Amino acid sequence: LALVGWLPARALSELGDAVGRLAYLVAVTDRRRALESLQVAFPHLSEAERRALARACFRHLGRMTAELVAIEELDRDIDDWVVWAPDSRAVLDQALKRGRGVVFVSGHVGAWELLARRVALAGYRASSIAKEAPDARLTALIERFRASGRLQTIWRGRPGAARAMLAVLKAGGILGLLIDQDTDVQSVFVPFFGRLAKTPLAAAELALRTQAPLVLGFCHRVDGRYRLTMREVNTDALQHDEAGVHALTAQLTEAIELAIRTHPEQWVWMHRRWERRPGS
């Protein structure tokens, strides 16, 4: 960070692209996992096409990460870096007017850190759920980074985390959850690219339990900038029971899959999404 932090954001973006290209060549295990995942998701593509997608994925992640090094510059020019799609902000405003807070669901698609930061910097009270990093220093760095963008981090598994999540909604805030990875939390198996995948159920559980509006949003890179899209998910027909939570989790996962299919190079294909199977 000290070596490259002085570079402007556009230069860092190009540097990140180069690092991503290099990572594709040298990160053998991650490259193999990405190609395996792409074969599951896009069996109709040729091997050459899947390799091109994997390479583009590494490049995207390199760019996105490098751009965050210049976060002060991005914050100053946030309106140019991250634009709201038509009606997206109105979706959020209408949901918040009901006074129950908002359960905001997304995935590791596009620029998920900039998504949360853009919402918080627009003046919304926003919090996100996160897993602590293996290194406590990195956890502290992430927390400082998010706090500098007015975003509260609730660390999953820490004492009081569940109460803190409910408190955000009770206070009329936005609670962000990413549900597109297999993690050690309460989960259900739902279809994802045609194969059952273990998926966190907290977002569906919270929305149905509290009757807070549920908003789905993504921040995709489009033509050199990021585009923030949002829509509300109707949960009126679902009950707060096991079947309702399962059905809503499946519905949200289907929407995340669609967002990934729209820009397939902007998802973390090296994640072992289908490693665990039902009954394992």
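**Salt bridges and a buried glutamate**

The whole structure contains 18 salt bridges. The model is a predicted one. Three individual pairs and one network are described below, followed by a glutamate in a helix.

The pair Asp30 and Arg33 forms a salt bridge, with 4.0 Å between the closest N and O atoms. Both residues belong to helix α2, which spans residues 28–41. They are three residues apart there, so about one helical turn separates them. Asp30 has a relative accessibility of 31% and therefore counts as partly exposed. Arg33 is also partly exposed, because its relative accessible area is 22%. For this class the value must lie between 20% and 50%.

A second salt bridge joins the side chains of Arg98 and Glu232, at 2.7 Å from N to O. Arg98 sits in the loop between α6 (88–96) and β2 (102–106), whereas Glu232 is part of strand β9 (residues 225–233). The pair therefore ties together parts that are 134 residues apart in sequence. Arg98 has a relative accessible area of 43%, which means that Arg98 is partly exposed. Glu232, with a relative accessible area of 28%, is partly exposed too.

Asp135 and Arg137 make up another salt-bridged pair, and the closest N and O atoms are 2.7 Å apart. The two partners fall into separate accessibility classes. Asp135 is partly exposed, because its relative accessible area is 30%. Arg137 reaches 66% relative accessibility and so counts as exposed. The cut-off for that class is over 50%.

Salt bridges also occur as a network. Glu14, Asp17, Arg21, Arg59 and Arg63 are linked in this way. The acidic members of the network are Glu14 and Asp17. Its arginines are Arg21, Arg59 and Arg63.

Glu113 was examined for its surroundings. This residue is located in helix α7, which covers residues 112–121. The relative accessibility of Glu113 is 16%, so Glu113 counts as buried. Buried requires a value under 20%. Residues up to four places away in sequence are left out of the contact list for Glu113. With that exclusion, Glu113 touches Leu68, Phe145 and Arg146.

Technical notes: Residues are numbered from 1 along each chain as its sequence is written. This is a predicted model: local features need pLDDT of at least 70, side-chain atom pairs count only at pLDDT 80 or more; totals for chains, interfaces and linings use all residues. Side-chain values use heavy atoms; hydrogens and water are left out. Helices (H or I, at least four residues) and strands (E, at least two) are DSSP runs, numbered from the N terminus. Buried means under 20% relative accessible area, exposed over 50%, partly exposed in between (1.4 Å probe, protein chains only). Contact means heavy atoms within 4.5 Å.
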